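Q: I'd like a close look at one part of this protein: a helix, and the way its neighbours pack around it. Could you walk me through that part and then place it in the rest of the chain?

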Amino acid sequence: IDRIMLWLSAAGRPVDGLWIGSYYQENAEQAFRRVEEALCLIKTYDRPKYDRLRCDLDRIWVRPLMSGGCAQFNPVLRACLLDGRFVDDTKDAEFVAAAIVHEATHARLWNRGIRYDEAVRQRVEGICMRCELALARKLPDGHRVRQWAEDTLAISASYWTDEAARDRSLRGRIEALQHLERNWVARIVLALLKRRLRRTGHKVLPQEKAPHG
């Protein structure tokens, strides 16, 4: 599915060896500009991180995410995935820059053989959030990103369990499908998913604010 969506994505562009692309045909240029602005912030204020992420990632791809988070690392595609709603709604490029650094850190750990199993998940996320904090301290207007990272570091361990992740993923799929409801395939999948949930008696709680994945 990821490769089909990648093939259907709006034409991307290269930036310092990275492919920047968007699944959305509408507002693709706006997404490209937002991502390029974020990359420019990293390059200007933390060049070592910028050079590392260019080694650890091949792509930065704006698309719908089903995980319930605003960003995600895809190891198969060596891609930082950014949710289109997050990119559109976030006015500060500092947050997009922090998300890219976070997912690039996931990529770096993955490339070193450190996986995302439940036993180490909180520690892995802690490393990624501290990389965000390090970037935020160097940005001239990074205090909001710093607060966001500190709040996420304070989340309890229960948030990172497999059970909690499955529940967030379910809520994320429903919200993403609702966002894509103009697409006939998304409408069918959403109807089937809701029918299945009704039959199983599964109640989906309102989505909580989710950090990066």
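A: Here is a walk through one helix, its packing partners and then the rest of the chain.

A word on the basis: this is a predicted model, in which local features need pLDDT of at least 70 and side-chain atom pairs count only at pLDDT 80 or more, while totals for chains, interfaces and linings use all residues. Residues are numbered from 1 along each chain as its sequence is written, and side-chain values use heavy atoms, with hydrogens and water left out.

Let's start with helix H2, residues 28–45. Helices here are DSSP runs of H or I with at least four residues, strands are E runs of at least two, and both are numbered from the N terminus. The 18 residues of H2 should span 26 Å at 1.5 Å a residue, and the end C-alpha atoms are 26 Å apart, so the two values agree. That expected span is 1.5 Å times one less than the number of residues.

Which residues of H2 are buried? They are Ala28, Ala31, Phe32, Arg34, Val35, Ala38, Leu39, Leu41 and Ile42. Buried means under 20% relative accessible area, exposed over 50%, and partly exposed in between, with a 1.4 Å probe and protein chains only. As a reminder, an α-helix has 3.6 residues a turn, so residues three or four places apart point the same way.

Now for the partner of H2. The axes of H2 and H5 come within 8 Å and cross at roughly 75 degrees, which makes H2 roughly perpendicular to H5. The axes are lines fitted to C-alpha atoms, for helices over the stretch in contact, and angles run from 0 to 180 degrees between N-to-C directions. Angles under 35 degrees count as roughly parallel, over 145 as roughly antiparallel, 65 to 115 as roughly perpendicular and the rest as oblique. At this crossing, Arg34, Val35, Glu37, Ala38, Leu39, Leu41 and Ile42 of H2 meet Ala93, Glu94, Val96, Ala97, Ile100 and Val101 of H5, where contact means heavy atoms within 4.5 Å.

H5 (residues 93–111) also packs with H6 (residues 118–138): their axes come within 9 Å and cross at roughly 140 degrees. That makes H5 oblique to H6. From H5, the residues Ala97, Ala98, Val101, His102, Thr105, His106 and Leu109 meet Val124, Glu125, Ile127, Cys128, Met129, Cys131, Glu132 and Leu135 of H6. Ala97 and Val101 are thus listed at the crossing with H2 as well as at the one with H6.

Farther along, Thr152 lies in helix H7 (residues 143–153) and is buried, with a relative accessible area of 6%. A polar atom of the Thr152 side chain lies 3.0 Å from the backbone oxygen of Trp148.

Two loop residues are also worth a visit. Asp16, in the loop between strand E1 (10–15) and strand E2 (18–22), has a positive phi near 50 degrees without being a glycine, and counts as partly exposed at 35% relative accessibility. Arg78, in the loop between strand E4 (71–74) and strand E5 (79–83), likewise has a positive phi of about 50 degrees and is not a glycine; at 25% relative accessibility, Arg78 counts as partly exposed.

Finally, the whole chain: 9 helices and 5 strands, in the order α-β-β-α-α-β-β-β-α-α-α-α-α-α from the N terminus. Buried residues make up 45% of its 213 residues.

Definitions and conventions
Polar contact = N/O pair within 3.5 Å; in protein donor to acceptor, adjacent residues only side chain to side chain.
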